[in-house]
Amino acid sequence: MTDIRIEVSGLHKSFGSLDVLRGIDFTVPRGTSTVLLGPSGSGKTTVLRSLNVLDTPDRGVVRIDDVSVDFSALPAGKAGRAAAQRLRAQSGMVFQSHNLFPHRTVLENLTEGPVVAQGRPIEEVVAEARVLLDQVGLADKASSYPYQLSGGQQQRVGIARALALKPRVVLFDEPTSALDPELVGEVLSVIKDLASEGWTTVIVTHEIRFAESVADQMLFLDGGVIVERGTPGQVIGEPREERTQRFLRRVLDHG
Amino acid sequence: MRQVFRGAVLLLLLLIVLPAPANARQQQPPVVKIGTEGTYPPFSFHDPQTQELTGYDIEVVKAIAAKAGWRLEFVETQWDAVFPALDAGRIDLIANQVSRNPERTAKYGLSNTYTYSRGVIVRRTGDDRIKSIADLSGKTTAQSSTSNWAKIARDAGARVEAVEGFAQAAALLQQGRVDAIVNDNIAVLDYLATTGSKDVEIAGDAGQAGSEQVLALRKTDAALLTQANQAIDALKADGTLRGISQKYFKADVSVEDGGTADLSEGRGPRSTWDVLRSTAWPMFVGLVKVTIPLTALSFAIGLVLALLVALARISPYRVLSGAARAFISIIRGTPLLLQLFIVFYGLPQIGLKFPPFTAAVVAFSLNVAGYAAEVVRSAILSVPRGQFEAASTIGLNYSQTLRRIVLPQAARTAVPPLSNTLLSLLKDTSLGSVVLLTELFRESQLAAAESNEFLALYSFAGLYYWLICVALSAGQKRLETRLNRYVIA
């Protein structure tokens, strides 16, 4: 097994005439956290969704662990869907608006994927799910329905649901953007714990201070390309590109 | 000893002389099996109160048996099966208004005539414009569209309004919507006797040859036929037949020209209350045995079809979505009655022949599918895209996503409009009456045709429909509450 968990090269994606990604290349070493920064419309969310094949890139190669998909050569129909599904199974996704299943209890939200999609034994999955709920501080909410939880609690269930799939990497798409400010902290601290426990994560966020503290690698995107990359110290501390500086000035003023 | 001998000889002489030869020749009277419909009022039917088999033909044959010394056993048989039953020896005699015709004369032993019928013209009481068949030219008459009477009326230059049965025709005539009716005098007499109506009357003969109703036996049973004929002649002579006829028709139909009904006395019409009481149960049976199963089955099948059509409609494959769109458009763009007729009367012409219930299920479930498909489609589309994405990130495939994630949530949106579809369907099943289904509405029609109690019977049928709708609405409310429990704190 390689130490590079994620390898992305030459990723292109357009929606109609709009070129959203124009050649994205990066790697994510195992056990590290990578934060994608950038103004809205820069393509950072599309990069993240491409890793989970929620958006299908037009060209380029994505490898996560030992599953690699070359989107230029993705066959049509069933074989293509199967390849996409294999790549998707490598990652767990946490959405901006949690997307919990409202008609299922918290515990059922966690066990649905492992039991139904992965076909694992239910007793084992339930035991693991309870450990995960404990880990995100919601052991007592197993039989609650999502509407009975606060926004922060819902998002923590969303994180636990992603982890229950035992993914190689965890992807976070602006996990705190939809939350009330006072609920942001509890979610960020869970993500931070995961990163320090050795999970490989890719995070899209606007929380600069959080990004600074959690990231091993930062990628600044603008106009569908990576404009600047490096450690938080490099990208936030000493940005070289004018576009990065402008972006940081704006978000730090507001933050 | 001498006296005993003389008494015995006297008895023997008496038996030989008496015109009842059956008793004379056989110690044990023979059992004669009588085939009859039992569902053909007023000739052969079950009394609504006592459930006993009765009617004009039944009483006639009982009187014959009394004269001829038969013991009777009634075998109730559908009309279509009654002659085969006679051929097969399962019955010995048919008493069911069998008309004499050359084919039957050749094949069967037909008795002397016990009922004469002929075509008559019926008018509103006192309407002097209509006296004979010639007066029908340019007038409007009400007839069963396929009957021979309709043809006679048309040939006389009348415009024919198609109706179902004589009671409906009589109602139209009373209301002044038509000018006359051409029909069998027995049907008219039965109507007049049952309803006691004085609003319509027989104006005159339709000028056609009359027909004669007889008992039918096997040709080989000559002895039995002889007994029957002797008994009929005797019953005519002693007035028994006239009495039975008067009881049912207020006229003597056992002679060739029995005249019109004398309604001055005798059997009166049943009260509205009696009619309702005796019809409530058959209507309930129609509801439970036909209307409800038809609704439930059509709705269940229709929903499955609707789901498939909705999925086809939102699929990215042009051919599928185009076909679904066309199906929905056709179902919603044509009358349900027409769809029912196509399935019931049309499809048999290309070899697809269903029994009435199946045909109705096919037509109704396709109709439900057309309407519910749009409901299901919009309900599926109302589920947030994030739910589809979340389902696919945890690895669920398309059908798992639909079944486990999307449809349970779509159900919440779909239940109110689908409940409307279900209520409409329940009421639409009344159209099943036109494809020979004896469901709730048909039962009320049959009873109304017999009793003329249109308002009471149709209102009563409406009450049944309404009650079921109320129950269904209550069920809808409970289901909505149940489905909303995930989203309402």
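**Figure 1. Pairing of strand 2 and strand 3 in chain B of the predicted model****.** In this predicted model, strand 2 of chain B and strand 3 of chain B, the latter formed by residues 44-46, run antiparallel to one another and are joined over two bridges. Within this pairing, B:Y40 lies opposite B:S44 of strand 3. The wider setting is an open sheet of three strands in chain B, arranged in the order 2-3-4 with antiparallel pairing. Strand 2 (39-40) and strand 4 (53-54) of chain B occupy the edges and have a single partner strand each, so one side of each has no neighbour in the sheet. As general background, the strands of a sheet pair through backbone hydrogen bonds, in either a parallel or an antiparallel sense.

**Figure 2. Helix 3 of chain B and the residue that follows it****.** Helix 3 of chain B comprises residues 56-68, and its 13 residues should span 18 Å at 1.5 Å a residue, which agrees with the 18 Å that separate its end C-alpha atoms. The helix is mostly covered, with eleven of its 13 residues buried. Among these buried residues are B:Y56, B:I58, B:V60, B:V61 and B:I64, and the list also includes B:D57, B:E59 and B:K67. Just after helix 3 of chain B comes B:G69, for which phi is positive, at about 75°.

**Figure 3. B:L423 in helix 16 of chain B****.** B:L423 belongs to helix 16 of chain B, and it counts as partly exposed because 17 C-beta neighbours lie inside 10 Å, whereas a buried residue would need 20 or more. When residues up to four places away in sequence are left out, B:L423 touches B:C469 and B:L472. B:L423 and B:T295 are separated by 128 residues in sequence, yet their C-alpha atoms are 9.2 Å apart in space.

**Figure 4. The contact between chain B and chain A****.** Where the two chains meet, 16 residues of chain B are in contact with 21 residues of chain A. On the side of chain B that touches chain A, helix 15 (385-393) and helix 16 (398-428) of chain B each contribute at least two residues. Sorted by class, this side of chain B consists of eight nonpolar, six polar and two charged residues.

**Figure 5. Two loop residues of chain A with positive phi, A:D65 and A:K166****.** In general, most residues other than glycine have a negative phi. A:D65, which is not a glycine, has a positive phi near 55°, and A:D65 sits in the loop between strand 4 (59-64) and strand 5 (67-70) of chain A. A:D65 counts as partly exposed because 19 C-beta neighbours are found inside 10 Å. A:K166, likewise a residue other than glycine, has a positive phi near 50°, and its place is in the loop between helix 5 (151-164) and strand 7 (169-173) of chain A. A:K166 is exposed, because 12 other C-beta atoms lie within 10 Å and a residue with 12 or fewer falls in that class.

**Figure 6. Chain A as the setting of these loops****.** Chain A contains nine helices and ten strands. Of the 255 residues in chain A, 47% are buried. Among the contacts in chain A between residues at least 6 apart in sequence, 63% link residues that are at least 24 apart.

How values were computed:
Residues numbered from 1 in each chain as written. Chains lettered and ligands numbered in written order. Predicted model: local features only at pLDDT ≥ 70, side-chain atom pairs only at ≥ 80, totals over all residues. Contact = placed C-beta atoms within 7 Å. Helix = DSSP H or I, 4+ residues; strand = E, 2+ residues; numbered from the N terminus. Nonpolar A, V, L, I, M, F, W, Y, C, P; charged D, E, K, R; others polar. Expected span 1.5 Å × (residues − 1). Pairing = 2+ DSSP bridges.
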